[in-house]
Amino acid sequence: MESLYILIPIAIVLVCVAVGIFIWAVKSEQFEDLERQGMNILLDDDDSSSQSKREDGINSDDK
């Protein structure tokens, strides 16, 4: 029974911290564009890296 005097305030503090973090995330627009991150995997951003690999291959063949 005495442990409840410690556990209940700790639980209340943790809930307040979680609610505060959630409110901060909403105000800083963390949840505004949820679909963009899912679409990033479909975009082809490998053009610059594949081009540099080709240049490295050309340079190593010239040596």
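pLDDT is the predictor's confidence in each residue, on a scale from 0 to 100. I start there, as I'm working from a predicted model.

**Entry 1: confidence**
I looked up the average for the protein chain and got a pLDDT of 79, with 70% of the residues scoring at least 70. Then I asked where confidence is lowest and where it is highest. The low end is helix α3 (residues 47-62), with a mean of 58. The high end is α1, at 96. Note to self: where pLDDT is low, the predicted coordinates should not be read in detail.

**Entry 2: the fold**
I went through the secondary structure next and found 3 helices and 0 strands in the protein chain. Following the sequence, I wrote down the pattern α-α-α.

**Entry 3: surface**
How much of the protein chain is buried? I get 2% of the 63 residues. The accessible surface came out at about 6,200 Å², and carbon and sulfur atoms hold 62% of that.

**Entry 4: helix α1**
I checked the span of α1, which has 24 residues. From its first C-alpha to its last I get 34 Å, close to the 34 Å expected at 1.5 Å a residue.

**Entry 5: a nonpolar patch**
I looked for nonpolar side chains on the surface and found a patch formed by Met1, Leu4, Tyr5, Ile6, Ile8, Ile10, Ile12 and Leu14. Together they offer about 900 Å² of accessible area. I picked Ile10 for a second look; this patch member sits in helix α1 (residues 4-27). Is Ile10 buried, partly exposed or exposed? I put Ile10 down as partly exposed because its relative accessibility is 44%, and that label covers values between the 20% and 50% cut-offs.

**Entry 6: Glu29**
Just after α1, I came across a positive phi of about 60° at Glu29. I flagged Glu29 since this is a residue other than glycine. Most residues other than glycine have a negative phi. Where does Glu29 sit? I traced Glu29 to the loop between α1 and α2 (34-40). I also checked its cover: Glu29 has a relative accessible area of 55%, so I count Glu29 as exposed, the cut-off being over 50%.

How values were computed: Residues are numbered from 1 along each chain as its sequence is written. This is a predicted model: local features need pLDDT of at least 70, side-chain atom pairs count only at pLDDT 80 or more; totals for chains, interfaces and linings use all residues. Side-chain values use heavy atoms; hydrogens and water are left out. Patches are made of residues with over 30% relative accessible area and no salt bridge: like charges are joined within 9 Å, nonpolar side chains (Val, Leu, Ile, Met, Phe, Trp, Tyr) within 5 Å. Accessible areas come from the Shrake-Rupley method with a 1.4 Å probe; for residues, only the protein chains shown count as cover. A salt bridge is a side-chain nitrogen of Lys or Arg within 4 Å of a carboxyl oxygen of Asp or Glu. Helices (H or I, at least four residues) and strands (E, at least two) are DSSP runs, numbered from the N terminus. Buried means under 20% relative accessible area, exposed over 50%, partly exposed in between (1.4 Å probe, protein chains only). The expected span of a helix is 1.5 Å times one less than its number of residues.
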